[in-house]
Amino acid sequence: MTNKAPANNFDVAVLIGRFQPFHHGHAQLLQRALDTAPQVVIALGSSFHARSTKNPFTWQERASMICACLSEADKERIRFVAVRDYYDDVRWAHAVQKKVHALMPEAKQVALIGHFKDASSYYLNRFPRWQLIEADQTIAVDGPLDATLIRRVLFESEDINVSLDVVDQFLPKAIRQYIKAWVIYPHFADLVKEHQQLNKYKAAWNAAPYAPIFSTVDAIVKAAEHILLVQRGGFPGKGLWALPGGFLEQDERLLQGAIRELTEETNLAILDSTLENALVDVKVFDHPGRSQRGRTITHAHFFDLQIDHLPDINAADDAAAAAWVPISALAAMEEVFFDDHFHILDHFLTLSEPDHC
């Protein structure tokens with residue numbers, strides 16, 4: 001990248017993205033940011049998640065990738081902030097602004113660098129206090145230059161060198177070298193298996209006349225300041241912690257389904273009638289991106305048993321393990337939760353810090 005002097009009066013330019021992985025289109029947007037202001041803040045979205053085929057790289061790895069593409073002079077001008085997904089647009093936008101302003105408290109004129117690639121770019125309208133600088137069409141991230149395509153190629157080929165050759169035109173040389181080293185680690189093999197399982201799952205619905213919408217139920221069970229969790233036994237999310245739950249059956253009500261799934265996965269030694277009386281709240285979680293398996297709307301049922309002991313449990317069905325986990329330990333487990341289950345718990349238990357400006 002070239003080290004040009006900014007041509008206007010902005011104090012800082014902000015670039016937001018997942019960069020999974022960082023490609024030529026991202027690099028061009030970053031160059032626009034460097035040309036716009038003396039300081040650049042890169043907000044790395046989807047941070048603090050467990051690895052998945054949608055978000056295979058940690059925020060630290062993505063920061064390293066980007067730095068590998070920069071000159072020493074440009075590195076001095078760039079700062080990173082890691083932002084989690086809240087599956088709540090307002091809260092997410094507040095979190096981004098709070099972190100940027102904490103990093104650059106003296107900045108008065110803030111530019112937001114972006115390009116309206118598709119419907120997923122609507123987030124750029126969430127920052128009315130910042131001036132949006134839209135990328136010119138000449139540096140737009142469009143056509144075949146897409147991180148989703150790059151990830152798919154990486155996970156589908158049996159030979160990583162072949163995969164990298166296919167996507168070579170989209171990647172800076174430093175990113176290709178980074179990925180070639182990264183795939184040696186065991187997490188890559190697990191992501192390949194997850195990709196294969198998700199493909200099988202989606203193929204089963206290919207004949208449907210329209211994209212299906214799935215309805216699921218989850219159970220948050222509280223007892224003696226602990227929450228009951230299960231460890232997933234298969235892909236996707238093998239080994240990750242989750243709330244007991246699953247798909248709603250055709251002939252049952254939501255509450256019945258939540259209790260059935262809870263019992264099947266944990267053998268919780270509590271009567272159904274006791275659970276019904278312990279139900280204190282139900283919340284629908286319907287963010288379109290909450291599950292990689294497809295559009296999945298879940299109904300989370302919060303049961304507060306209000307007892308001072310932990311009932312017996314025994315993992316069964318598709319759960320590899322079941323455990324009572326202290327509420328005080330949940331915040332530190334954010335990166336080992338499946339899908340948005342940490343954020344479901346956060347809604348009921350307020351595990352993360354407030355992010356309003």
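# Salt bridges, helix packing and backbone details

Arg-260 and Glu-264 stand four residues apart in helix H9, which covers residues 254-266, and about one helical turn therefore separates the two. Their side chains meet in a salt bridge, with 3.3 Å between N and O. The structure described here is a predicted model, and its protein chain has an average pLDDT of 92, with 92% of the residues scoring at least 70. The points below cover the salt bridges, one helix packing, the surroundings of a glycine, some backbone features and a stretch of low confidence.

**Salt bridges**

- Within the pair in H9, Arg-260 counts as buried at a relative accessibility of 16%, whereas Glu-264 counts as partly exposed at 32%.
- Asp-340 and Arg-290 also form a salt bridge, in which the closest N and O atoms lie 2.8 Å apart. This pair links distant parts of the chain, since Asp-340 sits in the loop between helix H11 (327-330) and H12, while Arg-290 sits in the loop between strand E10 (279-285) and strand E11 (295-304), 50 residues away in sequence.
- Both partners of that bridge are buried: the relative accessible area is 2% for Asp-340 and 4% for Arg-290.
- Through salt bridges that share partners, Glu-249, Glu-252, Arg-260, Glu-261 and Glu-264 are joined into one network, and the pair of Arg-260 with Glu-264 described above belongs to this group.
- A search of the whole structure finds 14 salt bridges, and one of them is formed by Arg-91 with Asp-346, where the closest N and O atoms are 3.0 Å apart. Because Arg-91 lies in helix H4 (residues 89-103) and Asp-346 in helix H12 (residues 341-349), this pair ties together parts of the chain that are 255 residues apart in sequence.
- The two ends of this bridge have unlike surroundings, for Arg-91 is partly exposed with a relative accessible area of 21%, whereas Asp-346 is buried with a relative accessible area of 4%.

**Packing of helices H5 and H8**

- Helix H5 (residues 147-156) packs with helix H8 (residues 186-203) at an angle of about 105°, and the axes of the two helices are 9 Å apart. Angles of 65 to 115 degrees count as roughly perpendicular, so this description applies to H5 and H8.
- From H5, the residues Arg-152, Leu-154, Phe-155 and Glu-156 take part in the contact, and from H8 they meet Phe-188, Leu-191, Val-192, His-195 and Asn-199. The residues of this contact divide into five nonpolar, two polar and two charged.

**Surroundings of Gly-245**

- Gly-245 belongs to strand E9 (residues 245-247), and with a relative accessibility of 15% Gly-245 counts as buried.
- When neighbours within four places in sequence are left aside, Gly-245 is in contact with Val-217, Asp-218, Glu-261 and Glu-265; of these, Glu-261 is also a member of the salt-bridge network.
- Gly-294 lies 49 residues from Gly-245 in sequence, and the C-alpha atoms of the two glycines are 16 Å apart in space.

**Backbone features to check in the model**

- Most residues other than glycine have a negative phi, and most peptide bonds are trans. The residues named in the following points depart from one or the other of these patterns.
- Gln-20 and Pro-21 are joined by a cis peptide bond with omega about 0°, and Pro-21 is placed in the loop between strand E1 (12-17) and helix H1 (24-36).
- The peptide bond from Phe-235 to Pro-236 is likewise cis, with omega near 0°, and Pro-236 lies in the loop between strand E7 (226-232) and strand E8 (241-242).
- Ala-224, which is not a glycine, has a positive phi near 50°; Ala-224 is found in the loop between strand E6 (213-223) and E7, where this residue is partly exposed with a relative accessible area of 25%.
- Asp-339 is not a glycine either and has a positive phi of about 45°; Asp-339 is located in the loop between H11 and H12, and with a relative accessible area of 15% Asp-339 is buried. This loop also holds Asp-340, the salt-bridge partner of Arg-290.

**A stretch to read with caution**

- Over residues 137-143 the pLDDT stays under 50, and for this stretch the model has twelve contacts beyond four places in sequence.
- Where pLDDT is low, the predicted coordinates should not be read in detail.

Definitions and conventions: Residues are numbered from 1 along each chain as its sequence is written. This is a predicted model: local features need pLDDT of at least 70, side-chain atom pairs count only at pLDDT 80 or more; totals for chains, interfaces and linings use all residues. Side-chain values use heavy atoms; hydrogens and water are left out. A salt bridge is a side-chain nitrogen of Lys or Arg within 4 Å of a carboxyl oxygen of Asp or Glu. Buried means under 20% relative accessible area, exposed over 50%, partly exposed in between (1.4 Å probe, protein chains only). pLDDT is the predictor's confidence in each residue, from 0 to 100. Contact means heavy atoms within 4.5 Å. Axes are lines fitted to C-alpha atoms, for helices over the stretch in contact, and angles run from 0 to 180 degrees between N-to-C directions. Angles under 35 degrees count as roughly parallel, over 145 as roughly antiparallel, 65 to 115 as roughly perpendicular and the rest as oblique. Ala, Val, Leu, Ile, Met, Phe, Trp, Tyr, Cys and Pro count as nonpolar, Asp, Glu, Lys and Arg as charged, and the others, Gly among them, as polar.
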